[in-house]
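Please find below some notes on the model, set out as numbered points. They cover ion pairs, aromatic pairs, nonpolar cores and a helix.

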Amino acid sequence: MKRLIFTLGIVIFFQFLLIGQNNHTYGPVRDQHWADVQDPNGGDHFVGRNSNGQGITYYNFVNWQWTYNNIPNATNLTSINIKFKAQYEDYSSHAFHFTLHYIESNWSGIDLSYYFNQVGYNNNRKVFEDNVSSDAGGVLTYNKTITSGALFDSVQAAITRGRYFVTLAFRSEDGTSPWWELYPYDGNVTQSDSPSIDLTLNFTTINQNYQLVNNIESSENYGTLKYFNNSNSTFGADSSGMIVGLDPNCNYSIRTNELPF
């Protein structure tokens, strides 16, 4: 519990970040970093297997990052949304059977070769699997909301532990099939060398209690205090000494109601 104290002769207005029970959304944001082992400096979002006889396998690694101000640690995740488009290499209608694998790296100094082998030979990292069909031009649109399962639990754990990032590897489960090229949900395939995968995290924050106190001539139990939620235009008033729960991703103005103090 924290105490907010208002002293004699001063009317105090201030703003701060506090924790509560409202619903909040972070995103949609595109992957800040992306690469595969064949193109570690970025480039296209390839997933699948090269069909020109070289037998090159593409796993695409994508990374999103946030801050405490975006998503506080004391947060309950309610859903994850992932959006992207993809085009099949020879433009024919095809089903994209893919898996997502959870990576611990925050991208700084990531060892892509190590994780490439981990994704290829260690299914313990697999946290999600799906299958979606493309149209006659080989284009598919993916828009999925996830509310439970291993991927959901992994992102919740990252938030709770204050990691402020999530990194995933996309792997095709289509064996020797040609590759897919992932690109922005609201774009076209020529934009595939830019961030391509939209991530949205919906969450509620957990109440944090604050004690509102008027400190007037050594008395802390006199009068009331008013607080206004600038984020949703709601207000309240409580007696000095009362404990109130306030919202983390909202900001407040608070003052003593004992004018002219």
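1. Which side chain does glutamate 129 meet in a salt bridge? The model is a predicted one, and in it the partner is lysine 126, with 3.3 Å from N to O. Glutamate 129 has a relative accessibility of 41% and counts as partly exposed. Lysine 126, at 33%, counts as partly exposed too.

2. A search of the whole structure gives six salt bridges. One of them joins arginine 30 and aspartate 198 through their side chains, at 3.1 Å from N to O. Arginine 30 belongs to strand S3 (residues 23-30) and aspartate 198 to strand S14 (residues 198-205), so this pair ties together parts of the chain that are 168 residues apart in sequence. The two ends are not equally covered: arginine 30 is partly exposed, with a relative accessible area of 28%, while aspartate 198 counts as buried at 9%. Through shared partners, salt bridges join Arg30, Asp186 and Asp198 into one network.

3. Arginine 125 also takes part in a salt bridge, here with glutamate 104, and the closest N and O atoms are 2.8 Å apart. Both residues sit in loops: arginine 125 in the one between helix H1 (112-121) and strand S10 (126-133), glutamate 104 in the one between S9 and H1, so the pair ties together parts 21 residues apart in sequence. Arginine 125 is buried, with a relative accessible area of 11%. Glutamate 104, at 38% relative accessibility, counts as partly exposed.

4. The aromatic side chains deserve a separate point. The structure holds 15 aromatic pairs. In one of these, phenylalanine 98 and tyrosine 142 are edge-to-face, with 5.3 Å centre to centre and 80° between the planes. That pair links distant parts of the chain, since phenylalanine 98 is in strand S9 (residues 95-103) and tyrosine 142 in strand S11 (residues 139-146), 44 residues apart. Phenylalanine 98 counts as buried at 1% relative accessibility, and tyrosine 142 counts as buried at 4%.

5. How is phenylalanine 98 paired with phenylalanine 170, stacked or edge-to-face? This pair is stacked, with 5.9 Å centre to centre and 20° between the planes. It too links distant parts of the chain: phenylalanine 98 lies in strand S9 and phenylalanine 170 in strand S12 (residues 165-172), 72 residues apart. Phenylalanine 170 is buried, with a relative accessible area of 1%. Beyond these two pairs, ring pairs link Phe84, Tyr88, Phe96, Phe98, Phe128, Tyr142, Phe170 and Trp180 into a cluster.

6. Next, the nonpolar interior. In soluble globular proteins, nonpolar side chains tend to be buried together. Here the largest nonpolar core has 38 residues, and Ile80, Phe84, Leu151 and Leu201 have the most contacts inside it. Strand S8 (residues 75-88) gives the most to this core, with six residues. Isoleucine 80, leaving aside neighbours within four places in sequence, is in contact with Lys144, Thr145, Ile146, Leu151, Phe152, Val155, Leu199, Thr200 and Leu201. A second, separate core has eleven residues, including Ala35, Ile103, Trp107 and Ala169.

7. Which residues of helix H2 (residues 150-160) are buried? They are Leu151, Phe152, Ser154, Val155, Gln156, Ala158 and Ile159. An α-helix has 3.6 residues a turn, so residues three or four places apart point the same way. The buried residues of H2 pack against S8, S9, S10, S11, S12 and S14. After H2 comes glycine 162, which has a positive phi, near 70°.

8. Some totals for the chain close the note. The chain contains two helices and 19 strands. Of its 261 residues, 48% are buried. Among contacts between residues at least 6 apart in sequence, 79% join residues at least 24 apart. The pairs in points 2, 4 and 5 can be read alongside that figure: arginine 30 and aspartate 198 are in parts 168 residues apart, phenylalanine 98 and tyrosine 142 are 44 apart, and phenylalanine 98 and phenylalanine 170 are 72 apart. The chain exposes about 12,200 Å², of which carbon and sulfur atoms supply 46%.

Note on methods: Residues numbered from 1 in each chain as written. Heavy atoms only, no water. Phe/Tyr/Trp six-rings, centres within 6.5 Å; stacked < 30°, edge-to-face > 60°. Buried < 20%, exposed > 50% of the residue type's maximum accessible area, 1.4 Å probe, protein only. Salt bridge = Lys/Arg side-chain N within 4 Å of Asp/Glu carboxyl O. Core = buried A, V, L, I, M, F, W, Y, C linked by side-chain atoms within 4.5 Å. Contact = heavy atoms within 4.5 Å. Areas by Shrake-Rupley, 256 points an atom, 1.4 Å probe, with all protein chains shown as cover.
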